[in-house]
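Let's take a friendly walk through a protein structure together. Have the sequence and the 3D view ready, and follow along at your own pace.

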Amino acid sequence: MVSEKPRSGKDARGGGGSDIDRFALTEVVPSPRDFIFVDAERCTGCGNCVAICPMDLWRMRGGRAELAEGYRENCMECGSCYIACEAGAVDFTYPPGGTGVSYRYA
Amino acid sequence: MRKFDLVVVGAGPGGSSAALAAAEAGMDVLLLERSRFPGEKNASGFALSTKAWRDFPFIADLDLPSMRYNRFCVAHILSPPPEMEERFSISSGPSRRMGYPEARDFFTVGMLRREFDQWLADKARTAGATLMLESLVTGLRRESGRVAGVVLEGGEEFAAPVVVGADGVLSATARLSGLREKWRPDQVISACAVDFEAPRERMDDVIHEAGFQAYFGPGIGGNYLVAYADGVHLGGPGVTNSLVSRLNRSHVKPARELLDTIAAPPTRRLLRALEARPREWQAHLLPWMDRMPTNIYTGGLMLVGDAAGLPEPLYAEGVWQAMYSGRLAAQVAMECLEEGDLSAASLARYLERLEESPVGKEFVGGAELRRLFEILGDPRLSRELTEMAVDLTVNLFMSAQEPKAECVARALPVLAENLPALMEVARIYLPMILQVEGERLRGHLAVLKGLAAALGGGAVGSGDAEA
């Protein structure tokens, strides 16, 4: 009976995804104006925006979704929150030309 | 107010291809881009497929610092989380039976969008198009009910009898024209990627030309590695997940799932061997339609590329589609301008030609392929098929663990046991193949039917395959 699988060489610890700091690895020219708009009245608290945001910029508070105040400094403009919202409570437009997320290695 | 023959919104591959074709034909073209340089806003791990070499002669001139030829694809089947260790892998160069020389030579070439998009936009500009950066379109001009130009944030207006909307998955021109308010969650994928920098010598030694690698397995949705000259992208989640299926799966975050896959032992070993360091984090939506969208034009406006939802239905490859549809839209615009009719009825030829083109053909069988991947994503079937593949290959060709005859004897019953699963897969592929190739393949199908009958199956001949 094999109790523990033998693994050769260096074990799998270290490197990989756990030490990836998403915030340090993105460059954003902050937009001077808002470009995501939340209609709190329409929010049903489904949590889709919280689940889908690649930068964790949404929180649930009192059963409703709340966008981080400083989102303009971290938002990647993917629009996932806008598409995922089942209640149509999130509106998304682009930030002004020349601002927003900047990919150099995409 | 300045007037142009054509305004193109978005200087990605679709917009620049449209602007290039129109400018080469002598049209006065304005190409608008919201970012500081073309390619700044794109993400997800780009590799250009051989189709671009087949269809665009100028692509033969491509010579960018980030280019790496992908002549070898690897599919890693991992064991289920949390272990996620190598269980089975398939790897191959391109088929020698492909229909044009480049397709027999390589699959894709990985390169950075920052370089490629600027290269293509420069070509359009050299051909005579006017490129305006940092210009966000927030409105459309209208004349007698038709789109007749654009309005920038800040109020500046540009008039043109026809506009090409090449403004990506969250297309403002689609929304402003009323063609599409927004995609449904089941029509898009949320793709995240980490770009890693790696020394060129490490890349040459470890990756060489294995420039596309995918990671599948029970509970693993198809993450991928795309290689460049001096680094790799690890992206995902892949082909078994639309936004809606992800949301339904108890809110597993795509970003978290990608980071978990990067943390899987095989990926960590590879990154260590490459001496790779994370360089950039990226996220983007991709349209992912199982049928080609038809609401992609209206009076005075045509949508191309991601704005039109044209990425193909299996891997959401979209750059060649954007280039092809962009050039086609420019050709249709020229014809309609000469005829003096930019109405929706006149622009309808854009959709007709696109449906008949290779871009449209990619959608034939799209829904079936999607279903196949959903089926293969099922943890039980995924595990059964993986173990079947292990039994067949290892026992027939590779194992020295038991006497040879016993190894072979172990392999054969595995096929019979897995016949139902294999038939499930065949039922999806066969009707699609028949739809595309029809008569030519009926002879081959008869052979398969005979084989299935001999094995006591018979499921191949049932259902849609007869239609």
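## Getting your bearings

Helices and strands here are DSSP runs, numbered from the N terminus: a helix is a run of H or I with at least four residues, and a strand is a run of E with at least two. With that in hand, we can place B:Met84 in the loop between E6 and E7 of chain B.

This is a predicted model, in which local features need pLDDT of at least 70 and side-chain atom pairs count only at pLDDT 80 or more, while totals for chains, interfaces and linings use all residues. Residues are numbered from 1 along each chain as its sequence is written, and chains are lettered from A and ligands numbered from 1 in the order in which they are written.

## A loop in chain B

Stay with B:Met84 for a moment. Its phi is near 50 degrees, a positive value in a residue other than glycine. Is B:Met84 buried or exposed? A residue is buried if 20 or more other C-beta atoms lie within 10 Å of its own, exposed if 12 or fewer, and partly exposed in between, with C-beta atoms placed from the backbone. B:Met84 counts as buried because it has 22 C-beta neighbours inside 10 Å.

B:Pro82 also lies in the loop between strand E6 (73-78) and strand E7 (86-92) of chain B. A cis peptide bond joins B:Pro81 and B:Pro82, with omega at about 10 degrees.

## Chain A

Chain A has 2 helices and 6 strands. Reading from the N terminus, its elements follow the pattern β-β-α-β-β-α-β-β. Of its 106 residues, 39% count as buried. Two residues are in contact if their C-beta atoms, placed from the backbone, lie within 7 Å. Among the contacts in chain A with a separation of 6 or more, 66% come from residues 24 or more positions apart.

A:Val38, in strand E2 (residues 36-38) of chain A, is a good residue to look up. Leaving aside neighbours within four places in sequence, A:Val38 is in contact with A:Cys43, A:Ala65, A:Leu67, A:Ala89 and A:Val90. The C-alpha atoms of A:Val38 and A:Asp91 are separated by 6.5 Å, although these residues are 53 residues apart along the chain. A:Val38 counts as partly exposed because it has 19 C-beta neighbours inside 10 Å. Another residue to find is A:Asp56, in the loop between H1 and strand E3 (58-61) of chain A. The phi of A:Asp56 is near 55 degrees, a positive value in a residue other than glycine, and A:Asp56 is partly exposed, with 14 other C-beta atoms within 10 Å.

## Where the chains meet

How many residues does each chain give to the contact? Chain A gives 32 residues and chain B gives 46 residues. On the side of chain A that touches chain B, the elements giving two or more residues are helix H1 (48-52), helix H2 (80-84) and strand E6 (100-102) of chain A. The largest share of that side, 4 residues, comes from H2(A).

Residues can also be sorted by class: Ala, Val, Leu, Ile, Met, Phe, Trp, Tyr, Cys and Pro count as nonpolar, Asp, Glu, Lys and Arg as charged, and the others, Gly among them, as polar. The side of chain A that touches chain B divides into 18 nonpolar, 12 polar and 2 charged residues.

## Strands and domains of chain B

Two strands pair if DSSP finds at least two bridges between them. In chain B, 4 strands form an open sheet in the order E1-E12-E11-E10, with mixed pairing. The edge strands, each pairing on one side only, are strand E1 (2-3) and strand E10 (137-143) of chain B. E1(B) pairs with strand E12 (residues 157-159) of chain B in the parallel sense over 2 bridges, and B:Arg2 has B:Phe158 as its bridge partner in E12(B). Elsewhere, strand E14 (residues 188-197) of chain B and E18(B) pair in the antiparallel sense over 10 bridges. Strand E18 (residues 277-287) of chain B is mostly covered, with 9 of its 11 residues buried.

Domain bounds come from an automatic or database domain assignment, which gives chain B domain 1 (1-363) and domain 2 (366-466). The contact between them takes 15 residues from domain 1 of chain B and 13 residues from domain 2 of chain B.
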